[in-house]
Amino acid sequence: MANQEDFFKKVVSHAKEYGFIFPSSEIYDGLAAVYDYGQLGTELKNNIKQYWWRAMVQYHENIVGIDSAIFMHPKIWKASGHVDAFNDPLIDNKDSKKRYRADVLIEDHIAKIEDKINKECAKAAKRFGDAFNREQFVTTNARVLEHQKQIDEIREKYAECMNANDLAGLKQLILDLGIVDPISGTRNWTDVRQFNLMFATKMGSVIDDSDTLYLRPETAQGIFVNFLNVQKSGRMKIPFGIAQIGKAFRNEIVARQFIFRMREFEQMEMQFFVRPGTELEWFKHWKEERLRWHLALGIPAEKYRYHDHEKLAHYANAATDIEFEFPFGFKELEGIHSRTDFDLSRHSEFSGKKLQYFDSELNESYIPYVIETSIGVDRTFLAIFSHALKDEVLPDGSTRTVLSLPAVLAPYKAAILPLVKKDGLPEKAREIMDSLKYDYMLQYDEKDAIGRRYRRQDAIGTPYCITVDNDTLNDNSVTVRDRDTMQQERIPIENLSLFLHQHIQPIKVD
Ligand code: ATP
């Protein structure tokens, strides 16, 4: 754990040192849980958004994208349930005066028991070697079964309390589990209270309550209220989807873990409208499709897992999270929900407008059912960035820090490096830069020894370094160094564009 904590600190400091992410308003000592993306972070973030947009909108003929406003009519948040129910249960420790989410305390407790299971598995795997079968072990080993039973019981009690909005029961569960405040180490807890996560503001000069606006806590509602606009203007036929990328705001109680939990963040959401009765098939489809999207990045499958929800929101009839193993453990990266016809029905009711679809094949009108896929841009950034960051020991005993980002997401695709700053090499390098810069983000660097320049590019994830040396002037070839293998190959300048094109392909999800 200590190692993981150190590694996470390294992630945060690397992100700052190389211009990926800065604390917001830093010269004023920062603003809690708000961050700014720097020059390289913005490139990486834009590339992540583009990767998602392509996979969802460009590769699917029946999905279109919109960009709705952050401000929306206040009734929308009544209809969606956010005014009354977008709450987190919070609890304070009277000794440390720190505030926690009751559900997070319980999840953390469960994670500790899961850790014990993993330790048992690791021990057994060592003992049995190749013959070890995890599946069989976890379903037969007495100690593991006992731990699992504990987890199931906690989850069941937790779900019961949440479904019944039983806040006293939730507190009792925390007491029964002996959960202590990690700071004070005591069990001196306050009662559990509900806390609404929406930021409120006022519009125009009217100050009466009815003009309270909310900064949207999710982008999804902008899609629902435009359902008919898009369906009619785009002549969309069910099943079809509407995608959107945009900012969302939540007054998170416990905002920590860097960009994992922010108060201002970005979401990539897609609402897929289907015939009633077919939603569970489509839920399965999107559950699988979205995991494939993650895996296409080349991150190992064991870093991801599904977490099917036991406690379903009142509007959902199926829900799962795709969790990622962040440096602080497995946590939600994306949610996939079967939301029934809840949202469109509620907006019909609150707006008085019929939000229906006429299905010409069935010759009937209905309110479509919805499957939602919802993923945080910032969490995706953190997943990709933290997985990519490595310290490596090289064969000669030296070390390097390398950011092995998927090439298509890397801020710079290549660096153009004249070996020395004389003999006409900078001019030649600039010529190459000019011929490629309209197609690729490139960085030109002529400062310091070539080895140091390679290290700088490794640290920011540039997949290729293109070095111009004295031979280049004679043979019109350059040395291309691969970031991950550090292998170098000689390539004619005229083939560089094709080389980059072939090696920096957009990732395809099929
Ligand atoms: P959590 O349980 O972690 O608070 P959630 O279940 O409230 O998340 P959703 O409402 O399903 O999250 O939002 C969809 C996605 O938006 C999440 O999977 C996550 O990637 C992202 N997200 C939600 N809240 C935040 C936040 N405060 N900061 C960054 N990303 C967030």
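## Close-up views of a predicted model

**View 1. A patch of negative charge on the surface.** Asp 152, Glu 156, Glu 160, Asp 166 and Glu 310 come together here as a negatively charged surface patch. The model is predicted, so please read each view with that in mind. One member of the patch, Asp 152, belongs to helix α7, which spans residues 142-163. Asp 152 counts as partly exposed because its relative accessibility is 40%.

**View 2. Ala 79 and its contacts.** This view turns to Ala 79, a residue of helix α3 (residues 75-79). Ala 79 has 0% relative accessibility and therefore counts as buried. Leaving aside residues up to four places away in sequence, Ala 79 touches Phe 342, Arg 346, His 347 and Phe 350. For a sense of scale, 33 Å separate the C-alpha atoms of Ala 79 and Phe 330, two residues that are 251 residues apart along the chain.

**View 3. The salt bridge between Arg 275 and Asp 359.** The structure contains 39 salt bridges, and here the side chains of Arg 275 and Asp 359 form one, with an N to O distance of 2.7 Å. This pair connects distant parts of the chain, 84 residues apart: Arg 275 sits in the loop between β10 (264-274) and α11 (279-295), while Asp 359 is in strand β14 (residues 357-359). Arg 275 is partly exposed at 25% relative accessibility, whereas Asp 359 is buried at 4%.

**View 4. The salt bridge between Glu 392 and Arg 400.** In this close-up the side chains of Glu 392 and Arg 400 meet at 3.0 Å, N to O. Glu 392 is partly exposed, with a relative accessible area of 25%; Arg 400 is buried, with a relative accessible area of 2%.

**View 5. Helix α15 and its link to strand β22.** Helix α15 covers residues 450-460, and its buried residues are Arg 453, Tyr 454, Gln 457, Asp 458, Ala 459 and Ile 460. Just after α15 comes Gly 461, with a positive phi of about 85 degrees. Asp 458 forms a salt bridge with Arg 481, their closest N and O atoms lying 3.0 Å apart. The two residues link distant parts of the chain, with Arg 481 in strand β22 (residues 477-482) and Asp 458 in helix α15, 23 residues apart. Both ends of this bridge are buried: Arg 481 at 3% relative accessibility and Asp 458 at 0%.

**View 6. A network of salt bridges.** Asp 88, Arg 101, Asp 103, Glu 252 and Arg 261 are joined into one network by salt bridges that share partners.

Key. Residues are numbered from 1 along each chain as its sequence is written. This is a predicted model: local features need pLDDT of at least 70, side-chain atom pairs count only at pLDDT 80 or more; totals for chains, interfaces and linings use all residues. Side-chain values use heavy atoms; hydrogens and water are left out. Patches are made of residues with over 30% relative accessible area and no salt bridge: like charges are joined within 9 Å, nonpolar side chains (Val, Leu, Ile, Met, Phe, Trp, Tyr) within 5 Å. Accessible areas come from the Shrake-Rupley method with a 1.4 Å probe; for residues, only the protein chains shown count as cover. A salt bridge is a side-chain nitrogen of Lys or Arg within 4 Å of a carboxyl oxygen of Asp or Glu. Lys and Arg count as positive and Asp and Glu as negative; His and the chain ends are not counted. The place of a charge is taken as NZ of Lys, CZ of Arg, CG of Asp or CD of Glu. Helices (H or I, at least four residues) and strands (E, at least two) are DSSP runs, numbered from the N terminus. Buried means under 20% relative accessible area, exposed over 50%, partly exposed in between (1.4 Å probe, protein chains only). Contact means heavy atoms within 4.5 Å.
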